[in-house]
Each structure stands twice: as C-alpha cells, then as structure tokens.
Amino acid sequence: MIDVVFLCIGILFGAASLAALYRIVRGPAILDRMIASDMLVTTIICVLGVEMVYNGHTRTVPIMVVLAVVAVFASMTVARYVSKQSAERRPPDRSPIARGRKQ
C-alpha cells in the first residue's frame, strides 16, 4: 500500500516538473521563467525529501539546503536585475525617487 502512495507522489512530482520545464522553455517573460525554475528546484527538493523518507536516511539534507540557498540567491539576483532594467525604461517623472521629491 505504501508503495502505491510513493508511486502516486512520484507521478505528481513528475507532472509538476514537466509543467515547470514547459514554462521555462515557453516563457514568455524572464519572471515567468524564473518562477518556473524556482518551482523546478522546489520539486527537486521535495523529491529528495520523499526519497529520504522512503529509504529512511538523512544523507541528502545538505544537498537540499544547498539547493534551497542557490534558489533563493538566484531569485534575488533576477529580481534585482529586472527591477533595475525596468527603472531604466521608466520615464524620469515616474521614478520612485522623483515621486519622493514631489511630496
């Protein structure tokens, strides 16, 4: 019975991974791709956790922590890049700095 549960979990994680890969390939924007890559990394972390539970060990905890840290820093880097890029395209009178000076 427990093997059927783990099989269902594996199928669901596989479907989530395929959906994330589809969004990474199709886009349409960099933020969509970033969210999809975060979803893929999260799915991988969950798969590692399920594998730990299934086999009864804790050897993959450091790998899970490293993956989580890499995903967080990647998201922060892309968010900073996109915000800087959108600030350059914004008209000068609509920038948050200019709005702060008017008040």
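The dialogue below goes through a predicted model of a protein chain, one feature at a time.

Student: Where should I begin with the overall fold, and how many helices and strands does the protein chain have?

Tutor: A good start is to list the elements in the order in which the chain runs through them. The protein chain here has 4 helices and 0 strands, and reading along the sequence gives the pattern α-α-α-α.

Student: How do I compare the span of a helix with what is expected at 1.5 Å a residue, taking H1 as the case?

Tutor: The expected span is 1.5 Å times one less than the number of residues in the helix. For H1, which has 25 residues, that gives 36 Å, and the C-alpha atoms at its ends are 36 Å apart, which agrees. With its 26 residues, H2 should span 38 Å, and its end C-alpha atoms lie 37 Å apart, again in agreement. H3 has 29 residues and reaches 43 Å from its first C-alpha to its last, which is close to the expected 42 Å.

Student: What can I look for just after H1?

Tutor: It helps to look at the backbone angles where a helix ends. Just after H1, Gly27 takes a positive phi of about 80 degrees, and just after H2, Gly56 takes a positive phi of about 70 degrees.

Student: How do I decide which residues of H2 are buried?

Tutor: A residue is called buried when its relative accessible area is under 20%, and exposed when that area is over 50%, with partly exposed in between. In H2, the buried residues are Met34, Ala36, Leu40, Thr43, Ile45, Leu48, Gly49 and Met52, and they pack against H1 and H3. In H3, the residues that count as buried are Met64, Ala71, Val78 and Val82, and these pack against H2. For the protein chain of 103 residues, the buried share is 18%.

Student: Could we take Thr43 as an example, and ask which residues it touches, not counting those up to four places away in sequence?

Tutor: Thr43 is found in helix H2, and its relative accessible area of 6% is under the 20% limit, so it is buried. Leaving out residues up to four places away in sequence, Thr43 touches Phe13, Ala16 and Ser17.

Student: Is Val47 buried or partly exposed?

Tutor: Val47, which is also found in helix H2, has 38% relative accessibility and therefore counts as partly exposed. Its C-alpha atom is separated by 8.7 Å from that of Ile9, although the two residues are 38 residues apart along the chain. A similar reading can be made for Ala79 in helix H3, which at 43% relative accessibility counts as partly exposed. The C-alpha atoms of Ala79 and Ile30 are separated by 9.7 Å, while the residues are 49 residues apart along the chain.

Student: What share of the contacts between residues at least 6 apart in sequence joins residues at least 24 apart?

Tutor: Such a share describes how contacts are spread along the sequence, and in the protein chain it comes to 39%.

Student: How many aromatic pairs are there, by the rule for rings?

Tutor: One checks both how far apart the ring centres are and how the ring planes are turned. The count comes to 1 aromatic pair. The rings of Phe6 and Tyr54 have centres 4.7 Å apart and planes at 75 degrees, so this pair is edge-to-face, since planes over 60 degrees apart count as such. Phe6 lies in helix H1 (residues 2–26) and Tyr54 in helix H2 (residues 30–55), so the pair ties together parts that are 48 residues apart in sequence. Tyr54 is partly exposed, with a relative accessible area of 44%.

Student: Which residues form a nonpolar patch on the surface?

Tutor: For a patch, one looks at which residues belong to it and at the accessible area they have together. The patch here is formed by Val61, Val65, Val69, Val72, Phe73 and Met76, with about 520 Å² of accessible area together. Val65, one of these residues, lies in helix H3 (residues 61–89) and is partly exposed, with a relative accessible area of 48%. As for the protein chain, it exposes about 7800 Å², of which carbon and sulfur atoms supply 70%.

Conventions: Residues numbered from 1 in each chain as written. Predicted model: local features only at pLDDT ≥ 70, side-chain atom pairs only at ≥ 80, totals over all residues. Heavy atoms only, no water. Phe/Tyr/Trp six-rings, centres within 6.5 Å; stacked < 30°, edge-to-face > 60°. Helix = DSSP H or I, 4+ residues; strand = E, 2+ residues; numbered from the N terminus. Buried < 20%, exposed > 50% of the residue type's maximum accessible area, 1.4 Å probe, protein only. Patch = residues over 30% accessible without salt bridge, like charges linked within 9 Å, V, L, I, M, F, W, Y side chains within 5 Å. Areas by Shrake-Rupley, 256 points an atom, 1.4 Å probe, with all protein chains shown as cover. Salt bridge = Lys/Arg side-chain N within 4 Å of Asp/Glu carboxyl O. Contact = heavy atoms within 4.5 Å.
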